[in-house]
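I opened this model to look up how some of its helices pack against one another and what surrounds the ligand. My notes follow in the order in which I checked things.

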Amino acid sequence: MNQFRRTLLALTAASLAFGASLAQAQDIKPRLIRFGYGLAEASNQGRATKVLAENVEKLSGGKMKLRAIGGAALGPDTQMQQALIGGAQEMMVGSTATLVGITKEMALWDTPFLINNTKEADALLDGPIGDKVKAKLEEKGLVGLVYWENGFRNLTNNKKPVAKLEDLDGIKLRVMQNAVYLDSFKTLGANAIPLPYSELFTALETKAVDGQENPYNTILSAKFYEVQKYLTVTNHVYAPWIVLVSKKYWDGLSKDERAVLQKAAAISRDFERKDTREEASKALGELKAKGMQVTELSAAETGRMRDKLTHINAGIATNVGMELWNETQAELAKIRAKK
Ligand code: TK8
């Protein structure tokens, strides 16, 4: 064997070995999923993310791994949504309200007083209407897996107790980056200012805004009670969260890998709703103990709010489409008729 052939053989063997170890490395390297969320790790969102991560790892036999990145460290909802669409991030959970700029049908979930209780919420979101709205994400580069509960939203502020509609006058109120929320609170008389959630605590602390609205769970986990004195029980809307996957990433997954994500997401949803409801049922007492002054709206005042907001509904119906709007009303009637 001459020197040339020996070198050639050695090179071939080396490259074969290199190729084999590369394939092996790919085989054992878990598919890493960057999963972003906005709330703190010590929150209902953080706890459910942990359950999701555990189940992805377990169901995939360790081949898929979810790295949870909370506290909006990957940016606010809207920024993460764009990262998912572009393929720079794999997954996230966030509000449906911040998705409306991408998928207009999501505005359905912004409808004030649409959902009366958690039974209706589950039936509507996990039923054909929830699926239909979720499916609209795909043409925009996103895949919606499941809805989690953010919850019924309540109002806090640091200026005065809000016991009637007129009390909202002049309150600088942070709302999500969403036209329905902006219009709703302007209609109610507040000075509504859209801000990403990631800027909210500082905005309250520095008094750039006087108030905000979020479910009890978030008022507690985000420690808004430290910078907000007054809480009004308004339950003005039921807000969902949605677990999203980048469509670009999804398209590269095998059937089995997709099934893992779907199954793990469903488990996390069931955990999250139970956990959120348990926490919410105790949260009001805890917020009072933390020093918040709580005002229950009278039925008459809630009625006045509802009446003022009905004109908002017509706009939502036009935006999401009359067909979807009517189907939703019919579905709700069906759910309510079931005992
Ligand atoms: C978290 C937000 C939050 C929402 C808000 O990213 O912005 O007020 O309620 O849960 O999506």
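**Helix pairs and ligand surroundings**

I began with helix α6 (residues 179-187) and helix α11 (residues 299-320), whose axes come within 9 Å and cross at roughly 155 degrees. The model is a predicted one, and I keep that in mind for every entry below. Angles over 145 degrees count as roughly antiparallel, and α6 and α11 are therefore roughly antiparallel to each other. I then looked up the handedness, and the crossing of α6 past α11 is right-handed.

Which residues bring α6 and α11 together? On the α6 side I listed V180, D183, S184 and T187, and these meet K308, L309, H311, I312 and I316 of α11. Sorting this contact by class, I noted four nonpolar, three polar and two charged residues.

Next I turned to helix α2 (residues 44-59) and helix α10 (residues 255-289), where the axes come within 8 Å and the crossing angle is roughly 150 degrees. That angle makes α2 roughly antiparallel to α10, and the crossing of the two is right-handed. From α2, the contact draws on N44, R47, A48, V51, L52, N55, V56 and L59. From α10, I wrote down V260, L261, K263, A264, A265, I267, S268, F271, E272, D275, T276 and E279. By class, the contact of α2 with α10 holds eleven nonpolar, four polar and five charged residues.

The third pair I checked was helix α5 (residues 128-135) with helix α12 (residues 322-337), whose axes come within 10 Å and cross at roughly 155 degrees. That makes α5 roughly antiparallel to α12. In α5 the residues involved are P128, I129, K132 and V133, and they meet E323, L324, E327, T328 and E331 in α12. I counted this contact by class as four nonpolar, one polar and four charged residues.

I moved on to the ligand and asked which residues are around it. I found G38, L39, D77, S95, N150, R153, R174, M176, Y197, N214 and W241 there. Looking at individual distances, I noted that a polar side-chain atom of S95 lies 2.6 Å from an oxygen atom of the ligand. For N214, a polar side-chain atom is likewise placed 2.6 Å from a ligand oxygen atom. For W241, an N or O atom in the side chain is 2.9 Å from an oxygen atom of the ligand.

Last, I looked up A83, which lies in helix α3 (residues 77-86). Leaving aside residues up to four places away in sequence, A83 touches A88 and Q89. I also checked A83 against V56, a residue already listed in the contact of α2 with α10. How far apart are the C-alpha atoms of A83 and V56? They are separated by 21 Å, with the two positions 27 residues apart along the chain as the sequence offset.

Definitions and conventions
Residues numbered from 1 in each chain as written. Predicted model: local features only at pLDDT ≥ 70, side-chain atom pairs only at ≥ 80, totals over all residues. Heavy atoms only, no water. Axes fitted to C-alpha atoms, helices over the stretch in contact; angles between N-to-C directions. Helix = DSSP H or I, 4+ residues; strand = E, 2+ residues; numbered from the N terminus. Parallel < 35°, antiparallel > 145°, perpendicular 65-115°, else oblique. Left-handed = near helix turned anticlockwise from the far one by under 90°. Contact = heavy atoms within 4.5 Å. Nonpolar A, V, L, I, M, F, W, Y, C, P; charged D, E, K, R; others polar. Near = heavy atom within 4 Å. Polar contact = N/O pair within 3.5 Å; in protein donor to acceptor, adjacent residues only side chain to side chain.
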